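Dear colleague,

Please find below the structure that I am handing over to you, together with its sequence. My notes on what was found follow directly after it.

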Amino acid sequence: MIRVVVVDDEALVRSGFRLILNASDAIEVVATATGAEAVATVREHRPDVVLLDIRMPDVDGLAVLRELRAQPDPPVVAMLTTFDTDEYVLTALHSGAAGFLLKDTEPDQLAHLVRSLAAGGVVMSPKASRTLLRGHPGTGPAAEADEEAARVERLTDRERDVLVRVAEGLSNADIGARLHLGTGTVKDHVSAILTKLRVGGRVQAALLAQRAGLLETDRERPGAGR
């Protein structure tokens, strides 16, 4: 059973997410909270996944994220946002969030995204991530982009294949099944990727892969996705 805490300043959002997720197999919303209650609620219930509103009137969602990530054995945290151009999202991702999703995510997709988070996957709303990476000033100047591209070029073909699946939000087990590799082998590839790209985690690697255009290249390859 995947244990979830939903943190949002709006009671309607909290109750809606609870209703949707509790109707899904193997997921239980063990508590909901406002921003001011978030840290204490997570400490009490020790969930696997926290869905955290990035903008709340009573407390800064980014501050809550940092407190949660500093806990021993912290939960996976994904940010909730209403805006597909929210300027705080990239800051949250670099602060340890495992992804972000829009509050108007389709109900039938919500449970799938929570399962991906619990399995170690990266969750990024496609519309929002494209908008952020295309237009957000934090994506870096041309010199930085060239340096990132050089790091990507150092990856082997197999490591690029694995990186694409990381950026698609797949867990190590799912990547292994897709590429016919053992989970341990995938874990070794991911470790090598993070080292070569000089990033601190899967989310940063996924963002770099998107900026480098690897996802578009993979879709264009003959037989991609088979």
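The second largest pocket of this predicted model has a lining of 15 residues, and those nearest its centre are Gly96, Ala97, Ala98, Arg202 and Val203. The space inside this pocket amounts to about 200 Å³. Rolling a probe the size of a water molecule over the atoms is what reveals empty space of this kind. By character, the lining residues of the second largest pocket comprise 8 nonpolar, 5 polar and 2 charged. Two elements, β4 (76-81) and α11 (202-211), each contribute at least two residues to that lining. The greatest contribution comes from α11, with 3 residues.

As you are new to this structure, an outline of the whole chain may be of use. The chain has 226 residues, of which 50% are buried. Its secondary structure consists of 12 helices and 6 strands. The accessible surface is about 11,000 Å², and carbon and sulfur atoms account for 50% of that surface. If one takes the contacts between residues at least 6 apart in sequence, 68% of them link residues at least 24 apart.

I turn next to the sheet. In what order do the strands of the open sheet lie? The order is β2-β1-β3-β4-β5-β6, a sheet of 6 strands with parallel pairing. The edge positions are taken by β2 (27-33) and β6 (123-124); each has a single partner strand, so one side of each is left without a neighbour in the sheet.

Strand β3 deserves a closer description, beginning with its partners. Strand β1 (residues 2-7) pairs with β3 (residues 49-53) in the parallel sense, over 4 bridges. Within this pairing, valine 6 stands opposite leucine 51 of β3, and valine 7 has leucine 52 as its bridge partner in β3. Strands β3 and β4 also run parallel, and 5 bridges join them. Here valine 50 has valine 77 of β4 as its bridge partner, while leucine 52 is partnered by methionine 79 in β4. Leucine 52 therefore has a bridge partner in the β1 pairing as well as in β4.Why is β3 described as largely enclosed by the rest of the structure? The reason is that 5 of the 5 residues of β3 are buried, so the strand is largely enclosed. In a regular strand, side chains alternate between the two faces of the sheet. In β3, Val49, Leu51 and Asp53 point one way, Val50 and Leu52 point the other way, and all are buried. For β4, 5 of the 6 residues are buried, so this strand too is largely enclosed by the rest of the structure.

A last item concerns a glycine in a loop. Glycine 169 is located in the loop between α8 (157-167) and α9 (172-179). Is glycine 169 buried or exposed? Its relative accessible area is 5%, and buried means under 20%, so glycine 169 is buried. Apart from its neighbours within four places in sequence, glycine 169 is in contact with Ser116, Gly121 and Val122. Glycine 169 and valine 122 are 47 residues apart in sequence, with a C-alpha to C-alpha separation of 4.0 Å in space.

Yours sincerely,
A colleague

Terms used: Residues are numbered from 1 along each chain as its sequence is written. This is a predicted model: local features need pLDDT of at least 70, side-chain atom pairs count only at pLDDT 80 or more; totals for chains, interfaces and linings use all residues. Side-chain values use heavy atoms; hydrogens and water are left out. On a 1 Å grid over the protein atoms alone, a cavity is a set of points where a 1.4 Å probe fits but cannot get out, and a pocket is an open set with protein on both sides within 12 Å along at least five of seven lines; lining residues have an atom within 4 Å of a point. Grid points are joined across faces, edges and corners, and a volume is the space filled by probe spheres set on the points. Ala, Val, Leu, Ile, Met, Phe, Trp, Tyr, Cys and Pro count as nonpolar, Asp, Glu, Lys and Arg as charged, and the others, Gly among them, as polar. Buried means under 20% relative accessible area, exposed over 50%, partly exposed in between (1.4 Å probe, protein chains only). Contact means heavy atoms within 4.5 Å. Accessible areas come from the Shrake-Rupley method with a 1.4 Å probe; for residues, only the protein chains shown count as cover. Two strands pair if DSSP finds at least two bridges between them.
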